[in-house]
Amino acid sequence: MKLLNLDHVAIAVSDLNAAIEGYADRYHVTPLYREVVAEQGVEEAMIPVGGSYVQLITPLHPETPVGRFLSKRGEGLHHVAYAVSSIEAALEHLSAIGARLIDTTPRVGGRGTRIAFVHPADLTGTLVELVELPE
Ligand code: CO
């Protein structure tokens, strides 16, 4: 398995509308869509930039992973997401080499994707999301 594309850069925000307006004013880009991803406790806005997205995420409740991130660290870069062709193959490889995974099995992401997170302590202090796009 190897990484195919930078799928998105995710930024945790406390006010999704304000963040969307900020991107429109400053950078002249707007979301392709917004989506509530209940499984992750977030609402996200996906802003296309070239072949990737900026993903603005805001928590649905304070007691969610992104809610706790915001109260502890404030707004800012949350994770980077890379596209892979097979999430199972990626997880199998990472398990085999002893990488520190948050998800050992895929879960449901936005856009009908299947995703898995790799712990920031695994490599370079960065939370990594692997994304398998739908057919
Ligand atoms: Co993401």
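This passage describes the fold of a predicted model of one protein chain, going from its overall form to its sheet and then to a few residues in loops.

The overall form makes a good place to start. The protein chain holds three helices and eight strands, and from the N terminus on these elements follow the order β-α-β-β-β-α-β-α-β-β-β. For 135 residues, a compact globule would have a radius of gyration near 14 Å, and the 15 Å of the protein chain agrees with this. Along the principal axes, the C-alpha trace spans about 45 × 30 × 25 Å.

Burial, contacts and charge come next. Of the 135 residues in the protein chain, 44% are buried. The accessible surface amounts to about 7,500 Å², and carbon and sulfur atoms account for 54% of that area. When contacts between residues at least 6 apart in sequence are considered, 52% of them join residues at least 24 apart. The protein chain carries 10 positive and 17 negative charges, and the mean positions of these two sets are 6 Å apart.

The strands can now be put in their places. Eight strands make up an open sheet with mixed pairing, arranged in the order E2-E3-E4-E1-E5-E8-E7-E6. Its edges are strand E2 (33–37) and strand E6 (107–108), each of which pairs on one side only. At the E2 edge, strands E2 and E3 run antiparallel and are joined by five bridges. Within this pair, Arg34 stands opposite Ala45 of E3. The hairpin of E2 and E3 has four residues between the strands, and Gly41 in this hairpin adopts a positive phi near 70°. Elsewhere in the sheet, strand E7 (residues 114–118) and strand E8 (residues 128–132) also pair in the antiparallel sense, over five bridges. Here Ile115 has Val131 of E8 as its bridge partner.

Gln40 deserves a closer look. This residue sits in the loop between E2 and strand E3 (42–49). Is Gln40 buried or exposed? Its relative accessible area is 16%, and since buried means under 20%, Gln40 counts as buried. Which residues surround Gln40, leaving aside its neighbours within four places in sequence? Gln40 is in contact with Arg107, Val108, Gly109, Ile115 and Phe117. Ile115 thus appears twice in this account, as a contact of Gln40 and as the bridge partner of Val131.

Two further loop residues are worth a visit for their backbone angles. Most residues other than glycine have a negative phi. His28, although not a glycine, has a positive phi of about 60°. This residue is found in the loop between helix H1 (16–27) and E2. With a relative accessibility of 68%, His28 counts as exposed, because the cut-off for that class is over 50%. Thr124 is likewise not a glycine and has a positive phi of about 60°. Its place is the loop between E7 and E8, the two strands that pair in the antiparallel sense. At 67% relative accessibility, Thr124 is exposed too.

Taken together, these loop residues can be set against the sheet. Gln40, between E2 and E3, is buried, whereas Thr124, between E7 and E8, is exposed. His28 is also exposed, and its loop leads from helix H1 to E2, one of the edge strands of the sheet.

Notes: Residues are numbered from 1 along each chain as its sequence is written. This is a predicted model: local features need pLDDT of at least 70, side-chain atom pairs count only at pLDDT 80 or more; totals for chains, interfaces and linings use all residues. Side-chain values use heavy atoms; hydrogens and water are left out. The radius of gyration is taken over C-alpha atoms; the globule rule is 2.2 Å times the number of residues to the power 0.38. Buried means under 20% relative accessible area, exposed over 50%, partly exposed in between (1.4 Å probe, protein chains only). Contact means heavy atoms within 4.5 Å. Accessible areas come from the Shrake-Rupley method with a 1.4 Å probe; for residues, only the protein chains shown count as cover. Lys and Arg count as positive and Asp and Glu as negative; His and the chain ends are not counted. The place of a charge is taken as NZ of Lys, CZ of Arg, CG of Asp or CD of Glu. Two strands pair if DSSP finds at least two bridges between them.
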